[in-house]
Amino acid sequence: MFEQLYRQRVELSKIIEDHTGQDRTQMTAIPSLFFSRYSNDTGPNYGVHKPSLCIVVQGMKEVLLSQERFQYGPADYLVASVNLPISGQVTEASSEVPYLALKLEFTPSEILEVLREFKMGVEKKENAKRGMYVSKIEPSLLDAVTRLARLLDTPMDIKILAPLIRKEIIYRVLQGEHGGMLKQIAIEGSSTSQISDVIQHIMNNYEKSFKIEELAEIANMSVSSLHRHFKEVTAMSPIQFQKQLRLQEARSLLLSESADAADVAFRVGYESPSQFSREYSRMFGLPPKEDIKRLRDNQDKTINL
């Protein structure tokens with residue numbers, strides 16, 4: 001098994017190198033498949049992790065969900081079953097052995113389609129569980145992923161074969177050690193599916209205030225059940241989840257526009273610029289103006305390299 005995994009990683013590494021060629025994360029010609037290559041450790045990168053399968057072929061990565069850390073490397077894979085605001089950083093990379101990884105995004109409807117098509121048994125509705133997990137990779141899963149990536153060398157095959165291999169990959173993940181957790185997202189009326197609806201509502205309306213009773217109504221839960229299940233899935237409360245979305249969007253706006261921090265604070269839903277500055281500093285380590293200067297300086301250094 002170890003020999004087989006090694007050969008698969010070697011081939012997958014070459015494919016990723018051939019289709020990136022420089023340090024970056026990029027979308028490939030296969031829908032929802034992304035490649036990453038970095039020759040140095042990276043600082044924390046903040047964003048919303050969409051439902052996806054992530055595999056590191058070389059190097060190591062760490063993902064922080066609230067205060068919970070997920071570390072994974074070539075022996076593992078990471079799955080996110082719902083949208084989650086996270087920070088992630090490459091913790092092991094070098095010019096000789098660069099960090100190489102891929103991400104394949106999927107949707108709950110794709111999971112449900114696989115469950116139905118392969119007549120996979122679905123357990124009864126269970127209590128919500130964490131929407132992110134790390135598992136040991138199996139040769140069957142890595143083989144399917146390698147075959148999907150290999151299609152990039154025969155673009156004419158992508159339209160026909162990629163959807164079939166995507167189904168196989170989802171099937172393999174569902175068969176894995178924690179596959180039952182992923183199944184719950186596709187089961188209508190499960191607590192995980194109900195929390196997913198609340199997550200989507202907050203993401204679509206992150207700049208607006210909400211009452212917890214409104215979210216409980218969306219989830220068809222009591223307020224206490226909503227709090228309990230939401231924290232189990234996301235490792236944070238609905239308010240903390242919204243705050244992370246607001247601060248991430250504010251940082252993106254400040255970096256992409258020549259906007260005033262107070263103006264951006266109002267745009268993402270804050271009523272007090274001073275509160276925004278405090279919470280921004282707590283999350284990113286520096287006040288808005290200093291943080292954006294640091295990010296731009298780092299971008300310039302990368303370009304100069």
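Contact here means heavy atoms within 4.5 Å. With that in hand, here are some close-ups of this predicted model.

**View 1. Glutamine 8 and the residues it meets.** We start in helix α1, which covers residues 2-20 and holds glutamine 8. Which residues is glutamine 8 in contact with, once its neighbours within four places in sequence are left aside? They are Pro139, Leu142, Asp143 and Thr146. Glutamine 8 counts as buried because its relative accessibility is 8%, and buried means under 20%.

**View 2. An aromatic cluster around tyrosine 270.** Five residues make up one aromatic cluster here: Tyr46, Tyr270, Phe276, Tyr280 and Phe284. Ring pairs are counted when the centres lie within 6.5 Å, and by this rule the count comes to seven aromatic pairs. Take tyrosine 270 and phenylalanine 276: their ring centres are 5.3 Å apart and their planes meet at 65°, so this pair is edge-to-face. A pair of aromatic rings is described in just that way, by the distance of the centres and the angle of the planes. Are these two partners buried or exposed? Tyrosine 270 counts as buried, at 5% relative accessibility, and phenylalanine 276 counts as buried too, at 1%.

**View 3. Two charges sitting over rings.** Stay with tyrosine 270 for a moment and look for arginine 246. The charged end of arginine 246 sits over the ring of tyrosine 270, 5.8 Å from the ring's centre. For another example, go to phenylalanine 34, where lysine 103 lies over the face of the ring at 5.2 Å from its centre.

**View 4. The largest pocket.** How much volume does the largest pocket have? The value is about 1600 Å³. Its lining has 46 residues, and the closest to the pocket's centre are Tyr38, Gly43, Asn45, Tyr46 and Gly88. Tyr46 is a name to recognise, as it also belongs to the aromatic cluster with Tyr270. Several strands give at least two residues each to this lining, namely β2 (33-38), β3 (45-49), β4 (52-58), β8 (84-92) and β9 (99-105), and so do α9 (238-256) and α12 (288-304). Sorted by character, the lining residues come out as 21 nonpolar, 16 polar and nine charged.

**View 5. The second largest pocket.** This one has a volume of about 500 Å³. Of its 20 lining residues, Ser66, Gln67, Gln244, Arg282 and Met283 are the closest to the centre. Which elements give two or more residues to the lining? They are β5 (60-65), β8, α9 and α11 (273-284). β8 and α9 were also on the list for the largest pocket. The lining here divides into nine nonpolar, six polar and five charged residues.

**View 6. Two loop residues with positive phi.** Most residues other than glycine have a negative phi. Serine 32 has a positive phi, near 70°. Where does serine 32 lie? Look in the loop between β1 (24-27) and β2. Serine 32 is partly exposed, with a relative accessible area of 25%. Alanine 235 also has a positive phi near 70°, and its place is in the loop between α8 (223-234) and α9. Alanine 235 is buried, with a relative accessible area of 14%.

**View 7. Histidine 227, in helix α8.** Helix α8 is where histidine 227 lies. Histidine 227 counts as partly exposed because its relative accessibility is 37%. Leaving out residues up to four places away in sequence, histidine 227 touches Ile212 and Pro238. Serine 237 is 10 residues from histidine 227 in sequence, and their C-alpha atoms are 6.5 Å apart in space.

**View 8. Histidine 201, in helix α6.** The last stop is helix α6, residues 191-204, which contains histidine 201. What does histidine 201 touch, not counting residues up to four places away in sequence? Leu215 and Ile218. With a relative accessible area of 29%, histidine 201 is partly exposed. Now pick out leucine 53, which is 148 residues from histidine 201 along the chain: the C-alpha atoms of the two are separated by 23 Å.

Key:
Residues numbered from 1 in each chain as written. Predicted model: local features only at pLDDT ≥ 70, side-chain atom pairs only at ≥ 80, totals over all residues. Heavy atoms only, no water. Phe/Tyr/Trp six-rings, centres within 6.5 Å; stacked < 30°, edge-to-face > 60°. Buried < 20%, exposed > 50% of the residue type's maximum accessible area, 1.4 Å probe, protein only. Lys NZ or Arg CZ within 6 Å of the ring centre and 35° of its normal. Helix = DSSP H or I, 4+ residues; strand = E, 2+ residues; numbered from the N terminus. 1 Å grid on protein atoms, 1.4 Å probe; cavity = no way out; pocket = protein on both sides within 12 Å on 5 of 7 lines; lining within 4 Å. Points joined across faces, edges and corners; volume = space filled by probe spheres on them. Nonpolar A, V, L, I, M, F, W, Y, C, P; charged D, E, K, R; others polar.
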